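Here's a quick walk through a structure, written for someone who likes to poke at coordinates. Have a look at it first, then read on.

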Amino acid sequence: MKRFAVIAPADLSAAARMLAEPNRSALAGGVDLLDLLKQELAAPDELVNLKALGGLDRIESESGGALRIGPLVTLHQLAASPAVRARHPALADAAAEAATPQLRNLATVGGNLAQRPRCWYFRNPAIVCLKKGGSKCYAVAGLNRYHAILGGGPSFIVNPSNLAPALVAYDATLTLHGPDGARKLAIAEFFTLPKADPRRENALIPGEIIAAIDVPAPPAGARSAYIEAREKQSFDWPLASAVAILAMNRAGEIEYARIVMGAVAPIPWRAPSAEKILHGARLDRAVADRAAQAALEGAAPLAHNAYKIPIARAMVRRAILRAGGIADETA
Amino acid sequence: MARRVTLRLGFEGELRDVVVTIPDDEPAPWQWGEKFSVVGVATPRLDGPLKATGRAPYTCDIQLPGMLYGAILRSPYPHARVRSVDLGAARRLAGVRAALERSGATIRFAGQEVAAVAAVSPEIARDALRLIKVEYAPMPFVVAMDEASRPDAPDVFESGGNVGSPHLNEIGNVAAGFETAAASVDAVYTTPVQTHVSLETHGAVASWNGDELTVWCSTQGIFGVRDDLAVHFSLPPENVRVITAYLGGGFGSKFGAGHEVIFAAELARMARAPVKLMLSRAEEHVATGNRPSSRQHVRIGAARDGALTALELEQHGSGGIGGGSGSAAPYLSLYRCPNLRTSEHNVNINAGPASPMRAPGWPQGCFALELAIDELARKLNLDRLEMRRRNNPSPVRALEFELGARAFRWEERARAPKARGPMRRGVGVASAVWHGIGASGPQAQCVAFRDGRVAVRIGTQDVGTGTRTIIAMVAAEELGLPLSSVIAEIGDTRYLFSLPSGGSMTAPSTTPAVRQAAAHLKGKLMRLAAPALGAEPEDLVISDGVVRVRAEPNRAMQFADLCRRISGDSLAADGEHVPNYGGYSMTQAGCQFAGVEVDIETGIVRVVDFVAVHDAGAIVDPLTARSQVNGGIIMGVGFALFEDRRLDPQTGLMVNPTMDDYKLPGVLDTPEIRAYFVEVANGITNTGVLGLGEAVHVAAAAAIGCAVADAIGAPVRDLPLTPDRVLAALGRV
Ligand SMILES: Cc1cc2nc3c(=O)[nH]c(=O)nc-3n(C[C@H](O)[C@H](O)[C@H](O)COP(=O)(O)OP(=O)(O)OC[C@H]3O[C@@H](n4cnc5c(N)ncnc54)[C@H](O)[C@@H]3O)c2cc1C
Ligand code: SF4
């Protein structure tokens with residue numbers, strides 16, 4: 001690990017100015033950043049300690065149910081907050097399912113959204129792949145059991161964040177604070193596909209800090225669910241996850257549907273075709289099945305990850321059923 | 001010199017009198033129905049609080065004045081000639097005190113050591129590694145066993161040919177055996193390379209004083225490390241002292257002085273300062289050994305009643321550039337079969353070498369054999385436990401099957417409906433054999449001090465199994481003292497010799513030596529007490545810390561008062577492990593039952609519960625015995641479901657040399673485990689203690705594999721049982 005200094009900004013603008021200098025990284029909980037430093041995948045001279053900033057670790061809720069989440073809120077806070085659980089249970093569950101209790105006490109929302117991918121070629125300091133400025137993606141002809149089945153190419157990472165699919169489903173907006181002031185960005189536009197630039201995963205420009213996450217209230221009566229499948233139950237990342245938000249009209253027909261998958265694509269993957277099937281339908285197992293089928297249409301697996309397709313399908317179906325209040329047979 | 005004693009030996013339901021010949025100075029061996037006061041009592045580890053509070057000094061905790069930190073440069077290429085190594089820039093870096101290279105090395109695996117440095121901080125040492133200029137001439141490589149077996153594969157060694165000559169075993173006539181079979185199975189099973197993942201990585205602190213070398217080392221065998229270092233540096237062994245006070249696991253990977261220990265000592269000599277060199281987790285995964293992979297082609301046949309008629313194994317296995325991969329042992333001894341043929345081949349690939357790992361060859365062999373037996377039982381329409389009973393050679397295991405089946409509710413669960421929504425339940429049972437009978441060699445010393453405390457000293461090491469605790473318990477038992485009066489001192493080559501801690505040898509090998517030493521000390525103490533109590537030494541007994549005249553218990557003295565009569569500082573006596581005498585049985589039977597739940601839509605397997613029944617001879621500490629069972633099964637869960645050293649075909653690098661990508665079971669992956677012991681008075685030694693470390697691991701993955709096949713109605717013949725394979729077996733991908 002290269003030697004570095006930790007510097008403390010006085011306020012957000014100062015932090016943004018500090019981060020705009022070359023060879024600096026934002027430090028939040030440090031869960032991912034320390035790993036990157038130890039593996040020498042990041043070698044900043046200075047860490048700008050966001051924890052020195054006050055007021056960014058709060059969850060504020062409006063009477064209508066909308067949330068404003070500070071970037072330094074921990075995953076534990078998110079999982080334990082009655083305000084979040086009230087209208088955004090999928091977000092609370094996404095946080096609760098991530099990592100381990102110790103990690104959830106450290107890991108922050110901002111850091112969770114900006115964490116780097118888990119691709120084992122990326123994480124291996126001896127390998128220089130496309131994402132690190134090299135000439136090829138080693139996953140294509142290599143070991144790719146955990147890689148993308150949707151939206152991949154030329155890099156095939158999956159977005160590792162549990163929170164991302166939930167926040168996309170709830171239509172969150174990020175406030176990004178840069179050296180020249182703040183801008184707002186829909187979270188769906190925050191995450192970027194490798195097609196645009198395989199070296200990056202999001203739209204942050206140098207100096208920009210995720211300063212707030214605004215999550216509107218879901219439509220009245222909407223119910224939501226987050227489900228993930230892990231190979232291992234302790235200390236593991238999901239193979240696939242799904243968020244479903246459903247709202248029914250008086251007649252019992254679905255009038256609002258949101259389906260977003262995690263861990264299957266380089267970005268949180270929304271499934272409009274599944275939403276279309278749900279729209280106007282009366283929910284039963286067959287409908288959920290068809291929607292799940294549609295969600296994975298177009299999946300293009302690599303040599304070793306086709307098995308993720310049925311898993312993702314099962315997650316989508318179960319999330320829909322759970323959001324729709326239909327008994328889950330796996331519990 | 002020798003005497004004959006008649007012992008009541010065996011187990012509940014099968015006891016007999018056996019005459020054994022033992023040396024005169026050997027205490028009477030414990031036998032069936034022996035009454036104990038310390039032994040057999042559930043006792044928390046004596047060093048538990050030290051470990052739990054971080055005060056137990058492990059090797060990486062050792063800090064010496066002026067100590068430097070070592071680091072190793074490793075090859076990024078799996079096969080290369082090292083043209084040149086330039087240490088100049090590294091040596092010139094401020095804070096670097098020594099640098100050396102492995103001259104003339106041909107690299108045969110990615111991660112092989114090339115050079116090493118010592119510097120005033122670990123960070124400077126790492127910086128220095130980056131300044132070492134190495135010119136490699138890369139060569140073609142092969143990291144997959146199947147590919148390495150092809151005639152056109154790159155040769156791992158110049159001598160050519162990656163597939164070794166077969167090791168054969170043949171009994172009876174296999175062809176004839178298959179002719180009489182009513183049904184048979186012919187299938188290929190595979191198991192992955194598993195790494196040891198000891199929580200404490202390999203490493204050492206080396207310190208020279210003239211031509212005397214002291215090494216604190218994370219090792220399972222302090223004397224082996226001492227001897228290797230003595231040879232390497234041409235020193236008499238007594239000039240080398242090795243200390244392992246606490247050890248964070250080894251599982252077979254920590255015998256002898258590994259390259260990291262040699263580097264630490266060489267760097268310390270060059271720098272004229274102590275050097276600490278601990279490996280990183282990634283280095284641990286690639287360069288310190290592994291359980292080799294296996295590809296097992298099994299043919300097995302049985303008569304209509306389930307009796308095996310023929311069994312054949314064609315096995316290939318590879319850990320890397322060396323190490324025995326054989327997995328035939330269970331085929332030869334788990335079940336009765338008149339016609340047997342096994343053929344084992346080692347295959348070399350460009351990867352780190354294998355090393356022994358917890359029951360080498362057995363978990364692999366058991367997985368394939370037990371799953372094949374299940375497949376055969378299904379064809380014959382026999383209950384799978386019944387099939388095993390028919391072929392079981394061990395009367396102890398027959399009882400264990402009964403106890404286990406009752407505790408597990410086998411009859412009911414094997415017939416219960418499998419499905420609940422997408423979940424499928426299944427059960428499996430598998431057998432274990434081990435030979436944790438120990439060996440002679442260990443010697444121990446017991447010392448009574450004038451303040452009434454007793455120390456037991458022996459040059460063994462506690463690999464994490466509770467050795468320190470059970471040694472103290474055995475000495476306390478023999479001396480009639482409360483455990484709190486006894487201190488166990490281990491982990492130093494200054495103490496009397498003991499064997500490496502491996503092969504389930506530690507408890508059975510050390511406890512008889514400790515008991516003899518304690519008995520000898522007791523003899524000396526009785527001679528000291530006799531005049532004071534006006535009795536003959538033979539008429540005295542000690543219990544609960546009081547010495548009494550047997551016939552007149554009121555004539556007594558406190559042990560502490562007796563110790564004040566010791567002239568000088570202390571009274572010491574030695575003892576040894578005399579060669580094992582033929583007792584009741586030299587093998588050790590076990591069986592394990594597993595219950596699993598499989599989600600057929602995701603292929604994810606959860607191990608729900610385990611019942612383990614084992615013969616452990618005399619159980620010294622039921623708590624540490626239970627810990628062994630827990631550890632053996634949890635490691636089996638890892639082998640069955642998760643673990644796999646994955647090598648990238650493009651670069652030859654291991655892609656998962658971490659603890660998140662190399663997946664180990666965690667709390668939520670750990671089943672409910674119930675352990676039962678069938679106490680067998682075996683009369684092999686004066687304690688009759690057997691080692692449990694391996695017996696408890698042999699069958700675990702096999703039982704899980706069988707349970708998964710039962711749950712989904714199809715065998716998954718390749719470990720680990722990852723979702724992709726389970727879904728493929730279900731026809732869902
Ligand atoms: C064993 C293990 C298992 C895990 N399992 C899961 C899992 O199942 N699901 C899951 O979602 N996560 C999982 N994680 C990842 C973990 O949740 C993230 O590493 C963590 O959330 C990162 O947050 P942090 O505050 O520690 O970020 P840091 O490590 O401090 O920062 C991470 C990155 O984000 C940048 N950054 C931090 N804050 C901001 C900000 N406000 N604005 C802009 N950039 C910022 C940093 O510069 C850095 O590049 C796991 C981690 C481990 C170690
Ligand atoms: S998937 Fe992306 S990070 Fe992984 S090897 Fe390919 S380019 Fe690199």
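## Accessibility, and one strand residue

A residue is called buried under 20% relative accessible area, exposed over 50%, and partly exposed in between. Keep in mind that this is a predicted model. With those cut-offs, Gly181(A) comes out as partly exposed, because its relative accessible area is 31%. Gly181(A) sits in strand β7 of chain A, which covers residues 181-186. Along the sequence, Gly181(A) and Leu12(A) are 169 residues apart, but their C-alpha atoms are 9.6 Å apart in space.

Chain B offers another partly exposed case: Asn630(B), with a relative accessible area of 28%. This one belongs to helix α17 of chain B, residues 622-642. Asn630(B) and Glu402(B) are 228 residues apart along the chain, and 21 Å separates their C-alpha atoms.

## Cavities

How many cavities of 30 Å³ or more does the structure hold? There are seven. The largest cavity has about 290 Å³ of space.

Its lining is made of 19 residues, and those nearest the centre are Arg118(A), Tyr146(A), Val158(A), Trp237(A) and Pro238(A). Sorted by class, the lining of the largest cavity comes to 10 nonpolar, four polar and five charged residues.

## Around ligand 2

Ligand 2 has 13 residues around it, and the nearest are Cys119(A), Cys129(A), Cys137(A), Ser155(A) and Phe156(A). By class, this shell splits into 10 nonpolar, two polar and one charged. Two helices of chain A, α8 (120-123) and α9 (138-141), each provide at least two of the shell's residues.

The loop between α8 and α9 of chain A is where you'll find Asn124(A). Is Asn124(A) buried or exposed? Its relative accessibility is 11%, so Asn124(A) counts as buried. If you skip the neighbours within four places in sequence, Asn124(A) is in contact with Lys132(A), and across in the other chain with Leu653(B) and Met654(B).

## Helices and what follows them

Helix α10 of chain B (residues 362-380) has 19 residues, and its first and last C-alpha atoms are 26 Å apart, close to the 27 Å expected at 1.5 Å a residue. The rest of the structure largely encloses α10(B), because 17 of its 19 residues are buried. Right after α10(B) comes Asn381(B), with a positive phi near 60°.

Helix α19 of chain B (residues 700-712) tells a similar story on length: its 13 residues should span 18 Å at 1.5 Å a residue, and the 19 Å between its end C-alpha atoms agrees with that. As for burial, 13 of the 13 residues of α19(B) are buried, so α19(B) is largely enclosed by the rest of the structure. The residue that follows α19(B) is Gly713(B), where phi is positive, near 70°. Over in chain A, the buried residues of helix α5 (residues 89-97) include Pro89(A), Ala90(A), Leu91(A), Ala92(A), Ala94(A) and Ala95(A). Ala99(A), just after α5(A), has a positive phi of about 50°.

## Backbone oddities

Most residues other than glycine have a negative phi, and most peptide bonds are trans. A few spots here are worth checking against that. Ala263(A) is not a glycine, yet its phi is positive, at about 65°. Ala263(A) is placed in the loop between β11 (254-262) and β12 (269-270) of chain A, and its relative accessibility of 6% means that Ala263(A) counts as buried. Arg272(B), also not a glycine, has a positive phi of about 55°. Its home is the loop between α7 (259-271) and β14 (275-278) of chain B. Arg272(B) is exposed, because its relative accessible area is 78%.

Which peptide bonds are cis? One runs from Gly153(A) to Pro154(A), with omega near 0°, and Pro154(A) lies in the loop between α9 and α10 (163-169) of chain A. Another runs from Leu719(B) to Pro720(B), where omega is near -10°. Pro720(B) is part of the loop between α19 and α20 (723-729) of chain B.

Note on methods
Residues are numbered from 1 along each chain as its sequence is written. Chains are lettered from A and ligands numbered from 1 in the order in which they are written. This is a predicted model: local features need pLDDT of at least 70, side-chain atom pairs count only at pLDDT 80 or more; totals for chains, interfaces and linings use all residues. Side-chain values use heavy atoms; hydrogens and water are left out. On a 1 Å grid over the protein atoms alone, a cavity is a set of points where a 1.4 Å probe fits but cannot get out, and a pocket is an open set with protein on both sides within 12 Å along at least five of seven lines; lining residues have an atom within 4 Å of a point. Grid points are joined across faces, edges and corners, and a volume is the space filled by probe spheres set on the points. Ala, Val, Leu, Ile, Met, Phe, Trp, Tyr, Cys and Pro count as nonpolar, Asp, Glu, Lys and Arg as charged, and the others, Gly among them, as polar. Helices (H or I, at least four residues) and strands (E, at least two) are DSSP runs, numbered from the N terminus. The expected span of a helix is 1.5 Å times one less than its number of residues. Buried means under 20% relative accessible area, exposed over 50%, partly exposed in between (1.4 Å probe, protein chains only). A residue is near a molecule or strand if one of its heavy atoms lies within 4 Å of it. Contact means heavy atoms within 4.5 Å.
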